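Here are some notes for a colleague who is opening this structure for the first time. Please read them with the model on screen.

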Amino acid sequence: MLFFFMGSGISYVWSNFEKTQIGYDLSQLKKEEMRFQEINRKLRLELALLKSPQNLGSKAVKDLGLRQPTPEQIVMLP
Amino acid sequence: MKVKEKKWIRFRIYVVTIFFLLGFGVILARAYQLQVLESDYLRGTAENGIIGTTKLPPERGTIYDREGNELALSVHVGSVFAHPKQIKEKSKTAKRLSRILGEKKAKILKLLRRDRSFVWIKRKISPTLTQQVSDLKIDGIGVTTETRRYYPGREIAAHLIGFSGADNQGLEGLEKRYDDSLKGPQHRLIRMRDALGRSFSINRTDPSGRGMHHLFLTIDKEIQYKAQQALKIAVKKARAKGGHCIVVNPETGEILAMAVVPEFNPNAFSKYRPDQWRNRIVTDCFEPGSTLKAFLLSASLEESVVTPLSQFHCEEGAYKVGGRVVHDTHKYGKLSVSDIIVYSSNIGAIKIGQKLGYARFCSYLKKFGFSTKTGIGLLGERKGFIREAEKARTIDRATLFFGQGLTVTSLQLTMAMAAIANGGKLMRPYVVKKIVDESGGLVQETRPKVVRRVISTRTAMRVTKVLEGVVGSEGTAPKAAIRGFRVAGKTGTSQKVDPKTKRYSKSKYVAIFVGFAPVERPKLVILALIDEPKGVVYGGLVAGPVFKDVGSWSLNHLKVNPQPDLLAVAEAKAKALVLDPPEDSGNSAKSEGVNKIAGELRQGLLPDFKGMGMREVLKRGRALGLKVSLKGSGLAVKQKPEAGSPLNAVKSVSVSFNPPG
C-alpha cells in the first residue's frame, strides 16, 4: 500500500515536471514558428521583387541580350 | 468527582470549544474575503506576476494576381518611440539615436522636447536598427513591431490595387474597397512565465474573432506590365497628357489588365499628387467619338433598318444639320454601311442614325451598358451621361451617332465592345477572382455573370465582319493589325471640351482604339486611349499601335496560336522564313517554295515536311494547329499522313527524322 502511494506520488510529480518542460519547449517552438513565418514573408517579398517583370526584363535585355520572341519563333513542344 | 470539579471541566471545554469556533470563524471569514470578495483583484495581481501579454502587430492579407504572384504583402518592421517627459538627457539621447537611425540630431531633439507624453521617433524601419536602439537601454525610449505594406511590382496595377496607410488601413483602390476583408485581427500573445522570467506557455488570442483574408485578382501581372509599358511608350511618343489601356476576357468579363499613365509607385504614394492615384479607367468620362459607330451599326443591323450593303450618300464631306455643318475628314459620295464604318464617315453615321432614330439608339446604348455603372465594384466609378430624347436639340440628335454629346468611361466602352466580341452578351466586369482565408479556404468566389443579351449572335457576327475592315489596309487603323490573327475594332478621335470656353477645343483630343482578337474566337478585348496627344491625333495612328503591341504579346503569352493561312500569306508576302531553301539555291527557288507552301495551304492540303529540321517542322505544324509527334533526329524523311492530305481531316502528324548523309 505504501509503495503504491509512493509510486503514485512520484508519477504525479514526474508528469507535472514533464508537463512544465514540454511547456518550455513548446514556447520556444512557438517563438521559432513565428520567427520562421516572418522570415518566410520577407523571403516571399524578396522573391516577388526579384521576379518582378521590371527586374527580369532589365536583366534579360541588358545583361543577357535577350529579346521578345515573335509569334512564329515560339514553338510549343508536343 | 465533586460537582465543583465537573463544572470547572465543563467550563474549560466550553472555553476551548469557543476558542476553536472563533478561530474557525476567523479563518472562514478570511477565506471568504480572499476567495470571494477580493478574488478578481488577487487573481489579477497573481496573473500580472506570471502572465505577460504582448500586442502583436496587426496583420493584413496578401493581394495576388491570377497566377498567385504577390502584388501586395505585409512584413514586420520596427518603429522607435519616446516618452519625452521621462528622458533626462535629451541632447545626448538625440545624438545617440541620430547615429543609429541616420536622422538629423536637431530633428530628433525637436521631437524629444515636445510637451507630449508619447512621440514617434521613426517608424517602419529595419528590425536590426530597432534592435540597436533597444540595446542602448535608454529610459523613455522604446521600440515596437509594426507591419509595413510592400508592393513588389511597384507601379504594376497600382491604380487598381491602391495602397494602405501607416496604420494598416486601406486608403485607395482595392486596399480601401476590401479593407474589411484584408485587415487582420489584433492578436495578443499571452505568455506564462516562471520565477526566472522564462515562458512556459504561449497562447495567441484573437479578441475580435474575425479572420484575415487574401485576395486573388483576375489581373495577369505579365499582361498588366506589358500594357503599362506599351501605353507609356505611346503616351511619351505622342507627348500626351496620359492614357488608359484595358485588357478583358470577353467570354467571362475578367479584367486581365488595367493600365493608367501617368503611373505612381504605391510604396511611396505620398510623393505623388492625389489626382495621380485615381483609377481614371472608372472615374473619368470622355466622349467616345467614332468608336460609337460600332454600336450604331449593331443597333441598326439588329433592328434591320439597314444591311451592310445599304448605300448612303455622304454629301461630299459637308452636311448641314440643325443649323450647323458636319464635316468628314475625307470627301465621300455614295458609301455602303460597311464602308461608312470602315472609313468612319460622320455624315454616313448621321444618315444611318436618322433611319434608326435617336430614342431607339439611346435605348441600345443603355442596353450596351452606357450611362449605368458596370458593377465592377471599384470605388469612384462613374456612370457617364446620355442626353434623353426629349432634351436633345436637332444637332444633338445628329452628333450622337458619331459619338459626340455623351460621355462614357473606358471600362464601359471596353465591356460594350466585349459584348460584340462574345456574340451579343453584356458581361459584368470583375477584378477579384476569389477571396480566401488564412488557411486557403474559399470564402467568396466571383463567377462570370451575363448582365443581359444586347444583340443576337448573328448581328454580332455581321458587325464583327464589318469591324475587321477597320484594321485592313483601307480602314482607319491598319496599325492595329496583329500579324497572324484576325482583328476587329473601331477607332475614335474625339474633341475635348475646353473648360474655359465651354466649347470643343481645337487642340485637345482623345485618341481611342477598341477592338478584339482573334475574330473567330475572341480571347481578348483591348482598349487603348491616349489623352491629349500632340501632333498626330487620330485614334488609329496613336492608339492603334498600343492595341497591336499589347494584343500580339498577350496572345503569345496566353498560348493562342496564330492562324496558319494568315501567317502563311503574311510570310509569303514578306518572303520570310516559311521554308528555308538550301544556301546555294537562287531566289527563284525560294519564291517557288514559298508559292508552293502558300498554294498548298490555300487549297487546304497538308504540306510536305521532308528535308526540314525539327524546329521548322514544329513551327509549321503548330502554325497549322496540328499535334506533331517526332521520331529520331536530323532531317525529316517520312511523314504520316502523307503530304497533300486534306488539312481538315488531319489533327496530328507523325514525322520521322534521320541524320543527313
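1. Start at the hairpin of β24(B) and β25(B). Six residues lie between the two strands. One of them, B:Lys502, takes a positive phi near 60°. Bear in mind throughout that this is a predicted model.

2. The strands on either side of that turn pair in the antiparallel sense. Nine bridges hold the pairing of β24(B) with β25(B). For a place to look, take B:Val497: its bridge partner in β25(B) is B:Tyr504. In general, strands of a sheet pair through backbone hydrogen bonds, and the sense may be parallel or antiparallel.

3. B:Lys496 is also part of this hairpin's first strand, β24, which covers residues 488-497 of chain B. Is B:Lys496 buried, partly exposed or exposed? It counts as partly exposed, because 16 C-beta neighbours lie inside 10 Å, while a buried residue needs 20 or more. Beyond its neighbours within four places in sequence, B:Lys496 is in contact with B:Ser505, B:Lys508, B:Tyr509 and B:Val510. B:Lys110 is another matter: its C-alpha atom is separated from that of B:Lys496 by 51 Å, and the two residues are 386 apart along the chain.

4. Now follow β25(B) onward. A second hairpin joins β25(B) to β26(B), again through six residues. These strands are antiparallel too, with eight bridges between β25(B) and β26(B). B:Phe513 stands opposite B:Ala528 in β26(B).

5. Helix α19 of chain B comes next. It runs over residues 544-557, which makes 14 residues. From first C-alpha to last it reaches 20 Å, close to the 20 Å expected at 1.5 Å a residue. Just after α19(B), B:Lys559 takes a positive phi of about 60°.

6. How many of the 14 residues of α19(B) are buried? Eleven are, so the helix is largely enclosed by the rest of the structure. Among them are B:Phe547, B:Trp553 and B:Leu555. Charged side chains are on the list as well, including B:Lys548 and B:Asp549.

7. What do the buried residues of α19(B) pack against? The strands of points 1 to 4 take part: β24, β25 (504-517) and β26 (524-531) of chain B. The other elements are α9 (221-237), β11 (242-248) and α18 (539-542) of chain B.

8. Elsewhere in chain B there is a shorter turn to check. Strands β15 (residues 318-321) and β16 (residues 324-327) run antiparallel and are joined by four bridges. B:Ala318 has B:His327 as its bridge partner in β16(B). This hairpin has two residues between its strands. B:Gly322, in the turn, has a positive phi of about 55°.

9. A further sheet in chain B is open and has three strands, in the order β13-β19-β18, with antiparallel pairing. Its edges are β13 (285-286) and β18 (385-386). Each edge strand has a single partner, so one side of each is left without a neighbour in the sheet. Two bridges join β18(B) to β19(B), residues 406-409. At this pairing B:Ile386 stands opposite B:Leu406.

10. One loop residue is worth a glance. B:Gly102 lies between α3 (90-101) and α4 (105-112) of chain B. B:Gly102 is exposed, because 10 other C-beta atoms lie within 10 Å and the limit for exposed is 12 or fewer. The C-alpha atoms of B:Gly102 and B:Lys88 are separated by 22 Å, with their positions 14 residues apart along the chain.

11. Turn to chain A. It has two helices and zero strands. Its radius of gyration is 30 Å, well over the 12 Å that the globule rule gives for 78 residues, so chain A is more spread out than a compact globule. The C-alpha trace spans about 90 × 30 × 15 Å along its principal axes. Of the 78 residues of chain A, 3% count as buried.

12. Last, the contact between the chains. 22 residues of chain A are in contact with 32 residues of chain B. On the chain A side, the elements that give two or more residues are α1 (2-51) and α2 (53-63). α1(A) gives the most, with twelve residues. The residues of this side divide into ten nonpolar, six polar and six charged.

Technical notes: Residues numbered from 1 in each chain as written. Chains lettered and ligands numbered in written order. Predicted model: local features only at pLDDT ≥ 70, side-chain atom pairs only at ≥ 80, totals over all residues. Contact = placed C-beta atoms within 7 Å. Pairing = 2+ DSSP bridges. Rg over C-alpha atoms; globule rule 2.2 N^0.38 Å. Expected span 1.5 Å × (residues − 1).
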